[in-house]
Every structure is written in C-alpha cells, then in structure tokens.
Amino acid sequence: MLGIIIGPSLVVVAISLTDYELGVIDWRWIGLANYEEMLNDRKFWRSISNTFTYVAILVPAAVLLGLAVAIMVHARTR
C-alpha cells in the first residue's frame, strides 16, 4: 500500500511545491505559489463548475437508467 498509493502521492505533493518542469534539470522550491496561482485562475474555477455540473447530471441519470433496466429485467416473464 505504501509503495503503490501513499509513496507516489507524497512525491506528487512534494513536486507541486516546486517549479518543476518536465525535461528541465534545475528546479527550485516555491512553496504554495502554485496553489495560489491555481486558486486565482478563472479557468480552474470554470473547470470545477463544469465538473460539478457534469456529475450532477450524469450520476442521477446513470442511477435512474440502471434502475430502469433492473426493473425491466426483473419484471420479465418467461
């Protein structure tokens, strides 16, 4: 569990606190600046809004569709 989930998660959090870019050898510690930039970005908030809208529509639709199919299968007579 430690090697598969927790370890990589800690590495990702540590990298998020730097100015790391793929392929660049040098990086420096910038702390929470990435998170501050993210929270001040309109695109981030728009993506959060889109995600909640998608979930609010898709999850109930999937549950209702699954329930309808289950009722039809259960009501089937031979």
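**Getting to know a three-helix model**

Student: Which side chain does Asp19 meet in a salt bridge?

Tutor: This is a predicted model, and a search of the whole structure finds one salt bridge. The nitrogen and the oxygen in this pair are 3.5 Å apart. The partner that Asp19 meets there is Arg28.

Student: Are Asp19 and Arg28 buried, partly exposed or exposed?

Tutor: Buried means under 20% relative accessible area and exposed means over 50%, with partly exposed in between. Asp19 has 28%, so Asp19 falls in the middle class, partly exposed. Arg28 has 53%, so Arg28 is over the upper cut-off and counts as exposed.

Student: What pattern does the protein follow along the sequence?

Tutor: Let's start with the elements: there are three helices and zero strands. Read from one end of the sequence to the other, the pattern is α-α-α.

Student: What is the radius of gyration of the protein, and why is the protein called more spread out than a compact globule?

Tutor: For 78 residues the globule rule gives 12 Å, and the protein is well over that, so it is more spread out than a compact globule. The C-alpha trace spans about 70 × 35 × 20 Å along its principal axes. The radius of gyration itself is 22 Å.

Student: How much of the protein is made up of buried residues?

Tutor: To count as buried, a residue needs a relative accessible area under 20%. The accessible surface of the protein comes to about 7,300 Å², and 71% of that belongs to carbon and sulfur atoms. Of the 78 residues, the buried share is 5%.

Student: Where does Ile5 lie, and which surface patch does it help to make?

Tutor: Ile5 lies in helix H1, which covers residues 2–16. Its relative accessible area is 47%, so Ile5 is partly exposed; joining a patch takes over 30%. Together with Met1, Leu2, Ile4, Ile6 and Leu10, Ile5 makes a nonpolar surface patch of about 700 Å².

Student: How far apart in space are Ser49 and Leu10?

Tutor: Ser49 is found in helix H3, residues 42–75, and counts as partly exposed at 34% relative accessibility. Leu10 is one of the residues in the nonpolar patch. The two are 39 residues apart in sequence, and from C-alpha to C-alpha the distance is 27 Å.

Student: How far apart are the mean positions of the positive and negative charges?

Tutor: The protein has 6 positive and 6 negative charges. Taking the mean position of each group, the separation is 26 Å.

Conventions
Residues are numbered from 1 along each chain as its sequence is written. This is a predicted model: local features need pLDDT of at least 70, side-chain atom pairs count only at pLDDT 80 or more; totals for chains, interfaces and linings use all residues. Side-chain values use heavy atoms; hydrogens and water are left out. Patches are made of residues with over 30% relative accessible area and no salt bridge: like charges are joined within 9 Å, nonpolar side chains (Val, Leu, Ile, Met, Phe, Trp, Tyr) within 5 Å. Accessible areas come from the Shrake-Rupley method with a 1.4 Å probe; for residues, only the protein chains shown count as cover. A salt bridge is a side-chain nitrogen of Lys or Arg within 4 Å of a carboxyl oxygen of Asp or Glu. Helices (H or I, at least four residues) and strands (E, at least two) are DSSP runs, numbered from the N terminus. Buried means under 20% relative accessible area, exposed over 50%, partly exposed in between (1.4 Å probe, protein chains only). The radius of gyration is taken over C-alpha atoms; the globule rule is 2.2 Å times the number of residues to the power 0.38. Lys and Arg count as positive and Asp and Glu as negative; His and the chain ends are not counted. The place of a charge is taken as NZ of Lys, CZ of Arg, CG of Asp or CD of Glu.
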